[in-house]
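Please explain how this chain is built, going from its domains to its sheets and then to the surroundings of its ligand.

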Amino acid sequence: MALVEMRDVHKTFPATRGGAPVEAIRGVDLDVEAGEIVGVVGYSGAGKSTLVRLVNALETTTSGSVKVDGREITTLREKELQQVRLGIGMIFQQFNLFDSRTVWGNIAYPLQVAGMPKDQQAKRVSDLLHFVGLAEKAHSYPDQLSGGQKQRVGIARALATSPSLLLADESTSALDPETTEEVLALLRRVNRELGITIVVITHEMEVVRSLAHRVLVMEAGRVVEQGPVLEVLSNPQQPVTRRFVGTIIDDEPGPEVLAGLRARHPGRFVKLAFRGSQTRQSDVFAELLRREVRFELVYGGIEEVQGDTFGNLTLALEGDPGAVDDAVAALADLVPTRELAR
Ligand SMILES: Nc1ncnc2c1ncn2[C@@H]1O[C@H](COP(=O)(O)OP(=O)(O)OP(=O)(O)O)[C@@H](O)[C@H]1O
């Protein structure tokens, strides 16, 4: 049983003055398995925030089913929903800390709301402070902390009630790249060491590449593509997915670069796609060396995704036209190959 299960979920916001109703979510099916990290990407307005707000019932569905841990939450009363929410932590782009409370006070807050006895609260907060590496900041106020430290407090607070699910809404978008990596490393520990399932909303593919196991791509209220991160990054199908993947993976020369390459290389250009250990580059190059063709690697690279590799290499092939034809055919038998337009 999935930890989160959505079936044909719709969410329409009623019309505001002079406007039309907004169909923010239009028939989404979603399964999040216990223990996984799912990345949800999409441009602004695609419906990502609304989708996660339906999971912790901060928004109500217009129609469809949302189950958390097997429990249908769309029909629960507020009191029961509060119980469900205790099992779901959330972190935000702007951290949403209480400025008037210390780090300790921020982390203790959900425990006070839940009515935990004081001595247990102290033990829990202290454990969390150590887990996120902020023990020495317990008595600081948020405005005395860096962005990365604030987000670590946000994470500690979200973990206070020992949730099984953590929702992260653009949790690194306000941070610089180095601090982002620090927060992502902490989220990885939250998943691995505490076994907490994470749904991370982002418009940064780098976050998906470095953190998520699986990715969902949203556009105009729908999930238009999903799959394991390596699969989606190495073989994106939808135009919107290709645009996102293109922000981190430069897999093929654009028209200008290609024109420059053509000016220097008279031959034909073929792009070869390497996926994990499926094809050995040495076999491909050995095949070319056997033939009467000259080849040069002119574009591309190999990408690493969580221990797996894939890459796209563009070669310029020159020689007798018949020999080049044969070489292109032989390459196509070894590895997915695409000739770039002449
Ligand atoms: N409370 C609301 N009332 C009316 N419309 C809303 C409300 N919340 C969201 N919307 C609309 O629903 C659509 C989806 O918004 P949502 O915030 O879920 O998108 P998003 O993908 O998270 O974008 P962003 O990254 O900008 O937050 C947008 O058109 C937005 O204007």
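The paragraphs below take the domains, the sheets and the ligand shell in turn.

This is a predicted model, in which local features need pLDDT of at least 70, side-chain atom pairs count only at pLDDT 80 or more, and totals for chains, interfaces and linings use all residues. Residues are numbered from 1 along each chain as its sequence is written.

The domain assignment gives domain 1 (4-246) and domain 2 (255-339); such bounds come from an automatic or database domain assignment. The centres of the two domains, taken over C-alpha atoms, are separated by 41 Å. Five residues from domain 1 and five residues from domain 2 take part in the contact between them, where two residues are in contact if their C-beta atoms, placed from the backbone, lie within 7 Å. On the side of domain 1 that touches domain 2, helix α8 (residues 229-234) gives the most, with four residues. Helices (H or I, at least four residues) and strands (E, at least two) are DSSP runs, numbered from the N terminus. By class, that side of domain 1 has three nonpolar, one polar and one charged residues. Here Ala, Val, Leu, Ile, Met, Phe, Trp, Tyr, Cys and Pro count as nonpolar, Asp, Glu, Lys and Arg as charged, and the others, Gly among them, as polar.

An unreviewed UniProt entry carries the annotation "domain: ABC transporter" for residues 4-245. UniProt positions are given in the numbering used here, feature names are shortened, and annotations may be inferred rather than shown by experiment. The span of residues 4-245 is 38% helix and 26% strand, and its end C-alpha atoms lie 26 Å apart.

One open sheet has six strands in the order β6-β7-β8-β3-β9-β10, with mixed pairing; two strands pair if DSSP finds at least two bridges between them. At the edges stand β6 (88-92) and β10 (222-228), each with a single partner strand, so one side of each has no neighbour in the sheet. From one strand to the next, the twist averages 15 degrees. Within this sheet, β7 (residues 165-169) and β8 (residues 197-202) pair in the parallel sense over five bridges, and Leu166 has Ile198 in β8 as its bridge partner. Helix α6 (residues 177-194) packs on the sheet and touches β3 (37-41), β7 and β8, its direction making about 155 degrees with that of β8. Axes are lines fitted to C-alpha atoms, for helices over the stretch in contact, and angles run from 0 to 180 degrees between N-to-C directions. Helix α9 (residues 239-246) lies across β3, β9 (214-219) and β10, at about 120 degrees to β9.

A further open sheet has four strands in the order β2-β1-β4-β5, with antiparallel pairing. Its edges are β2 and β5 (71-72), each with a single partner strand, so one side of each is left without a neighbour in the sheet. Strand β4 (residues 63-68) is joined to β5 by two bridges, and Lys67 has Glu72 in β5 as its bridge partner. Helix α1 packs on this sheet, touching β1 (4-13), β2 and β4, and its direction makes about 60 degrees with that of β2.

Which residues surround the ligand? They are Phe13, Val22, Ala24, Gly42, Ser44, Gly45, Ala46, Gly47, Lys48, Ser49 and Thr50, a residue being near a molecule if its C-beta atom, placed from the backbone, lies within 6 Å of it. Two or more residues of this shell come from each of β2 (22-32) and α1 (48-55). Helix α1 gives the most, with three residues. The shell divides into four nonpolar, six polar and one charged residues.

Strand pairing also involves β11 (residues 268-275), which runs antiparallel to β13 (residues 308-319) and is joined to it by eight bridges. Ala273 stands opposite Asn312 in β13. Strand β11 also pairs with β14 (residues 337-339) in the antiparallel sense over three bridges, with Lys271 opposite Arg338 in β14.
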